[in-house]
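Visitor: I'd like a close look at how the pieces of this one pack together, one part at a time. Could you take me through it slowly?

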Amino acid sequence: MTNVYLIRLDSPIGRLELVADDDAVTSLSIESGGVLPHDDAPEHPNDVLRAAREQLDEYFAGQRLDFDVPVRLTGTAFQQAVWAELERLHWGEATSYGALAAAVGKPGSARAIGGAVGANPVPIIVGCHRVLASDGRITGYSGGEGVPTKLWLLGHEQIGFAA
């Protein structure tokens with residue numbers, strides 16, 4: 001049986017909740033409407049989550065550009081391929097849904113790419129906020145309060161976008 005660990009932290013975009021197993025972060029949730037998925041559960045941190053909290057604090061303070069905390073991304077082979085491409089992006093870098101589609105060998109599948117990006121279980125650490133429409137517009141965001149959360153993250157990383 002795998003142990004499950006839980007930790008929360010405050011951030012400029014709302015409270016964050018991280019879940020991990022013994023070895024890696026498995027999910028990160030951004031508060032939406034004042035609620036987190038496991039608000040009723042007590043915190044149960046481990047070393048992986050303590051490191052993730054420290055790295056996220058540094059990120060929000062502008063002192064960390066990349067994360068090196070281990071993550072375990074569970075999904076379909078297609079989702080895994082998309083998430084692997086997202087992991088290649090660094091602070092301040094953006095891509096488009098079309099470019100991701102081409103990178104995973106599925107040109108023309110931008111809509112499916114959007115679904116995979118939105119299903120990313122570890123946002124911020126795996127930077128799904130860095131994906132824009134091909135014309136540079138923001139088309140949505142599934143974390144936290146949606147587009148306002150994405151706008152904050154893009155601004156924090158100084159990533160330009162089209163209005």
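Guide: Sure. One bit of vocabulary before we start: a helix axis here is a line fitted to C-alpha atoms over the stretch in contact, and angles run from 0 to 180 degrees between N-to-C directions. Also keep in mind that this is a predicted model.

With that in hand, look at helix 2 (residues 77-88) and helix 4 (residues 110-118), whose axes come within 9 Å and cross at roughly 75°. Angles of 65 to 115 degrees count as roughly perpendicular, so helix 2 and helix 4 are roughly perpendicular to each other. On the helix 2 side, the contact is made by F78, Q79, V82, W83 and L86. Helix 4 brings A112, I113, A116 and V117 to meet them. Sort the residues of this contact by class and you get eight nonpolar, one polar and no charged.

Now swing over to the strands. Strand 1 (residues 5-9) is mostly covered, with five of its five residues buried. Y5, I7 and L9 point one way from the strand, while L6 and R8 point the other way, and all of them are buried. Yes, that includes R8. Across from R8 you'll find E17 of strand 2.

Strand 2 (residues 16-20) runs antiparallel to strand 1, and five bridges join the two. Together they form a hairpin with six residues between the strands. Check G14 in that turn: its phi is positive, about 110°.

Keep following the chain and you reach another hairpin, where four residues link strand 2 to strand 3. Strand 3 (residues 25-30) pairs with strand 2 over five bridges, again in the antiparallel sense. Here L18 stands opposite L28 of strand 3.

Last stop: F60, which sits in helix 1 (residues 47-60). Buried means under 20% relative accessible area, and F60 has 11%, so F60 counts as buried. What does F60 touch, leaving out residues up to four places away in sequence? Its contacts are S11, P12, I13, L16, I124, W152, L153 and H156. Two of those names tie back to the hairpin we just walked through: L16 lies in strand 2 (residues 16-20), and I13 is 47 residues from F60 along the chain, yet their C-alpha atoms are separated by 9.4 Å.

Definitions and conventions: Residues are numbered from 1 along each chain as its sequence is written. This is a predicted model: local features need pLDDT of at least 70, side-chain atom pairs count only at pLDDT 80 or more; totals for chains, interfaces and linings use all residues. Side-chain values use heavy atoms; hydrogens and water are left out. Buried means under 20% relative accessible area, exposed over 50%, partly exposed in between (1.4 Å probe, protein chains only). Contact means heavy atoms within 4.5 Å. Angles under 35 degrees count as roughly parallel, over 145 as roughly antiparallel, 65 to 115 as roughly perpendicular and the rest as oblique. Ala, Val, Leu, Ile, Met, Phe, Trp, Tyr, Cys and Pro count as nonpolar, Asp, Glu, Lys and Arg as charged, and the others, Gly among them, as polar. Two strands pair if DSSP finds at least two bridges between them.
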